[in-house]
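Welcome! Open your viewer, get your selection tool ready, and let's take a walk through a few stops together.

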Amino acid sequence: MAPLIPQGFINPDLSLFFAFVIGLGFGYVLEQGGFSTSRKLAGVFYGYDFVVLRVFFTAAITAAIGLLLFNYMGWVNYDLLYINPTFLWSAIVGGVIMGFGFILGGFCPGTSMVAAIIGKIDAMLFILGMMGGIFFFGAFYNTFEPLYNGSALGSIFVFDSLGLPRDLFLFLLVFIALAAFIITRKIEDKVNGIQSEKGLFHSSYVLPFAFMSGLALLILILPDQPKAKWYESDPESLLVEVVSGDRYMQPEELAYKILHPDENDLVIVDVRPAEAFRQFRLPGAINIPLDNIQSRENRRRLKNTGKEILLYSHGSTSADQAWMFLRRAGLDNIRVLKGGLNNFFTGFFAEQEIPASGKYSEKEQFERRFVERAAKAFREGEASRKTPSAAQPVRTLINIQPPAAGKGGC
């Protein structure tokens with residue numbers, strides 16, 4: 001169901017449910033299109049109805065064009081698609097067997113299920129025959145295995161076998177499909193005794209032909225990949241940021257923010273492995289290892305914080321890589337701890353060097369006092385982020401005086 005799941009439109013935990021719903025919709029479309037009738041399906045072999053061929057061609061070119069466009073826009077990763085391996089002889093023999101079954105029974109496996117559900121007896125017999133063939137193949141698998149796994153060609157593409165560029169092959173496939181629509185319509189009219197319309201093709205084909213031809217031409221002229229996806233940062237501006245070094249935060253600034261929670265607007269992210277994070281971490285830090293920083297869930301999680309994000313690791317290398325990944329993905333307001341934890345520890349816990357003059361300037365004295373205070377806070381645990389206590393309701397105590405004693409009464 002790509003790109004719905006990768007883009008976050010569908011919860012992956014509900015993928016089987018939506019697959020079931022899509023399957024019901026697919027079966028409904030097949031039935032409404034007449035694919036539950038064996039005469040319509042077999043008509044392609046007798047020349048009086050080529051709707052099956054046109055549907056197959058339409059599905060092929062629509063899926064191919066959509067897949068390449070989605071890959072170009074970054075919605076689908078074309079390189080991660082699984083391609084069924086090709087076994088030459090089993091494909092040929094299986095195709096011949098299915099072809100004869102299609103002619104004799106008038107169904108393919110999918111359409112036979114649709115027809116059986118609406119009560120077609122011939123479809124039910126077709127399914128019984130299909131199940132019998134499956135059990136027969138399973139029972140004698142050892143006999144058929146050399147044929148089944150023979151002539152393995154791997155995961156190959158037709159355009160690679162023909163020595164054609166992928167986009168040019170798709171362009172030619174679209175025009176072959178359009179030509180097939182025209183030719184099969186002429187054959188149908190002749191076999192059914194219908195007077196064909198004047199002109200090359202039916203008037204209802206004009207808009208679909210123009211639309212498909214335009215998309216095929218677009219695929220042909222587009223580069224393999226855009227310089228940047230629509231949500232990504234421009235490479236040139238990103239290079240300027242890398243050279244400027246403005247992304248770095250000094251350890252003193254981070255320590256000040258940790259020690260002053262009211263002024264701390266940071267989301268501190270530790271990109272080290274989980275084991276290193278469990279051994280030690282900065283107060284208030286969360287752990288997103290570098291290997292997982294590019295996941296869609298983590299990108300969305302960081303993007304929705306509304307705060308400045310600070311990345312750190314042992315040094316600066318891993319944090320710089322995480323910064324590059326996130327900035328390239330379009331996230332803003334991201335900083336990196338200068339020198340990482342190593343520089344942080346050196347600045348606050350290493351012995352301070354005494355100036356050659358033996359005296360500290362006023363600025364150096366201020367910095368030294370801050371470093372000493374911060375080091376003490378980190379050693380004694382005072383730097384741990386404090387969570388604000390829950391608000392307590394305001395209670396007003398009222399002293400109620402008893403009324404003066406009176407005479408009479410109830």
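The tour visits one helix and then one strand with its partners.

Before setting off, note that this is a predicted model: local features need pLDDT of at least 70, side-chain atom pairs count only at pLDDT 80 or more, and totals for chains, interfaces and linings use all residues. Residues are numbered from 1 along each chain as its sequence is written, and side-chain values use heavy atoms, with hydrogens and water left out.

**First stop: helix H9.** Select residues 166–191, a helix of 26 residues (helices are DSSP runs of H or I, at least four residues, and strands are runs of E, at least two, numbered from the N terminus). From first C-alpha to last, H9 reaches 37 Å, close to the expected 38 Å (1.5 Å times one less than the number of residues). Now colour its buried residues, among them Leu170, Phe171, Val174 and Phe181 (buried means under 20% relative accessible area, with a 1.4 Å probe and protein chains only). Show helix H3 (51–73) and helix H10 (206–221) too: the buried residues of H9 pack against both. After H9 comes Gly193, with a positive phi near 70 degrees.

**Second stop: strand S4.** Select residues 266–270; 5 of the 5 are buried, so S4 is largely enclosed by the rest of the structure. Leu266, Ile268 and Asp270 lie on one side, Val267 and Val269 on the other.

**Last stop: the neighbours of S4.** Add strand S6 (residues 308–312), which pairs with S4 in the parallel sense over 5 bridges (pairing takes at least two DSSP bridges). Here Ile268 stands opposite Leu310. Then add strand S5 (residues 286–287), parallel to S4 and joined to it by 2 bridges; look for Asp270 opposite Asn287.

Terms used:
Buried < 20%, exposed > 50% of the residue type's maximum accessible area, 1.4 Å probe, protein only. Contact = heavy atoms within 4.5 Å.
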